[in-house]
Amino acid sequence: MTVITDKFGRPLQDLRISVTDRCNFRCTYCMPKEIFGKDYAFLPRKHLLSNDEIVRLAKAFVSLGVNKIRLTGGEPLLRRDLPELIADLSAINGLEDIALTTNASLLPNKAEAIKAAGLKRINVSLDALDNELFQAINDSGVSTDRVLKGIDKALEVGLEVKVNMVVKKGMNENQIVPMAKFFKDKGVTLRYIEFMDVGTTNGWDYSKVVSKKEIVDMLSAHFEIEPVDPDYLGEVAKRYRYKGTDTEVGFITSVSESFCSTCTRARIAADGKLYTCLFASSGFDLKELVRSESDDAGIRDTIADIWGKRVDRYSDERTEISAKNKKKIEMSYIGG
Ligand code: SAM
Ligand code: SF4
Ligand code: SF4
């Protein structure tokens, strides 16, 4: 294995792969119905990478230092051959960790298959415990009960579960404390995600961000929490622990405390493009490459060359103007 670094000395260690651009939710901050409506043109199947193509690319990334892969979407559990993909990725030598980000609505039926395929851990997105509010956010009629059933099923089959909650001002701040209480009692790590200016369709502005500091202040009125040291370079979440317990609570502070200097992540979007930043405007067409290049070394060299030129540090430099005007890839393509 070779270790490659970008222009700022950041190694390539993590790969996020969006396996579909489709989703059964229409979260108002991610895939608003006005844009992702009945007539929205999702990618035809042949424009998605096949499992074999994903595995071939993943092997190239692992040979360049990637040791973690996260599968995302859209909603990754909508992809029928996902268990086979997980099984094939699990067999890659040198890949230490495979994780999945999901809205959990399909987990009650699919948890067993993905666990059997070799998956060890999942991140479930849940933005509210209050059912009426949750349904207003996901705009698709799925209940909190359904997601909680999915979480329970995942725990029952032995998957490690973390829960992620995007906090947006005026949307769900009143769920910050109830979510903390609920998941603390369950012994499940909850992570609050600051609302980010991903894509161009979600109406982001600074006034809608609830910062980590505001959330810590709210939690501190109810719980005693203490910081936990990061486990490794590039750990995204700022971690805390409820005093006297092993249960953690974390924060993804892309807006208030950016972490570009330790960003070791590459992303393959649903259309097979490689992005070296969540907020990139353009990507490199790996689908075209994997379909035309018969030599694995050619794929590997191309990825190494792209990473070697990387200078992304969008969140370090974010301004209200760049957030509003920069053309960025949609979250449902790039997967978070
Ligand atoms: N559908 C799956 C899910 O919701 O877990 C996987 C894909 S989703 C795009 C990945 C994560 O991105 C979810 O936790 C979602 O809440 C988060 N997300 C989407 N738009 C966001 C935004 N503008 N700011 C912060 N997080 C966002
Ligand atoms: Fe779908 Fe996830 Fe986006 Fe919600 S956040 S619309 S579940 S892709
Ligand atoms: Fe990495 Fe880009 Fe996010 Fe900075 S803004 S942490 S470079 S993905």
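Let me start with Val-198, which is found in the loop that runs between strand E6, residues 189-194, and helix H7, residues 212-220. Please keep in mind throughout that what we are looking at is a predicted model. Although Val-198 sits in a loop, its relative accessible area is 5%, and because the cut-off for buried is under 20%, this valine counts as buried. If we leave aside its neighbours within four places in sequence, Val-198 is in contact with Leu-278, Phe-279, Ile-329 and Met-331. For a sense of scale, take Val-66, which is 132 residues away along the chain: its C-alpha atom and that of Val-198 are separated by 24 Å.

From there I would like to move to the core. How many residues does the largest nonpolar core have? It has 112, and the residues with the most contacts inside it are Phe-61, Leu-71, Leu-89, Tyr-192 and Leu-219. The largest share of this core, seven residues, is contributed by helix H1. As general background, nonpolar side chains in soluble globular proteins tend to be buried together. To take one of these well-connected residues, Leu-89 touches Val-55, Ala-58, Ile-69, Leu-71, Leu-95 and Ile-98, once residues up to four places away in sequence are set aside.

Helix H1 deserves a second look, this time for its packing. H1, residues 51-63, packs against helix H9, residues 296-308, at an angle of about 60°, and their axes are 9 Å apart. With that angle the two helices, H1 and H9, are described as oblique to each other, and their crossing is right-handed. On the H1 side the contact is made by Arg-56, Leu-57, Ala-60, Phe-61 and Ser-63, and on the H9 side by Asp-296, Ile-299, Arg-300 and Ile-303. Sorted by class, the residues of this contact between H1 and H9 are five nonpolar, one polar and three charged. Notice that Phe-61 appears here in the contact with H9, and that Phe-61 is also among the residues with the most contacts inside the core.

The next stop is helix H5, residues 144-156, and within it Val-147. Is Val-147 buried or exposed? Its relative accessibility is 0%, so Val-147 counts as buried. Not counting residues up to four places away in sequence, Val-147 touches Asn-103, Ala-104, Val-124, Leu-126, Phe-134 and Val-142. With Ala-104 in particular, the C-alpha atoms are separated by 5.3 Å, although the two residues are 43 residues apart along the chain.

Ala-104 itself lies in the loop between strand E3, residues 97-102, and helix H3, residues 107-116. With 0% relative accessibility, Ala-104 counts as buried. Its backbone also draws attention, since phi of Ala-104 is near 75°, a positive value in a residue other than glycine. In general, most residues other than glycine have a negative phi. Asp-139 is another case, with a positive phi of about 50° although it is not a glycine. Asp-139 lies in the loop between helix H4, residues 131-138, and H5, and at 27% relative accessibility Asp-139 counts as partly exposed.

To finish, let us ask which helices pack against H5, taking H3 and H6 in turn. The axes of H3 and H5 come within 8 Å and cross at roughly 20°, and at such an angle H3 and H5 are roughly parallel to each other. H3 passes H5 in a right-handed crossing. From H3 the contact involves Leu-107, Pro-108, Asn-109, Ala-111 and Glu-112, while from H5 it involves Arg-146, Lys-149, Gly-150, Lys-153 and Ala-154. The residues of this contact of H3 with H5 divide into four nonpolar, two polar and four charged.

For H5 and helix H6, residues 176-186, the packing angle is about 20° and the axes are 13 Å apart. H5 and H6 are therefore roughly parallel to each other, and their crossing is right-handed. Here Leu-148, Ile-151, Asp-152 and Leu-155 in H5 meet Phe-182, Phe-183 and Lys-186 in H6. By class, this contact of H5 with H6 has five nonpolar, no polar and two charged residues.

Conventions: Residues numbered from 1 in each chain as written. Chains lettered and ligands numbered in written order. Predicted model: local features only at pLDDT ≥ 70, side-chain atom pairs only at ≥ 80, totals over all residues. Heavy atoms only, no water. Axes fitted to C-alpha atoms, helices over the stretch in contact; angles between N-to-C directions. Helix = DSSP H or I, 4+ residues; strand = E, 2+ residues; numbered from the N terminus. Parallel < 35°, antiparallel > 145°, perpendicular 65-115°, else oblique. Left-handed = near helix turned anticlockwise from the far one by under 90°. Contact = heavy atoms within 4.5 Å. Nonpolar A, V, L, I, M, F, W, Y, C, P; charged D, E, K, R; others polar. Core = buried A, V, L, I, M, F, W, Y, C linked by side-chain atoms within 4.5 Å. Buried < 20%, exposed > 50% of the residue type's maximum accessible area, 1.4 Å probe, protein only.
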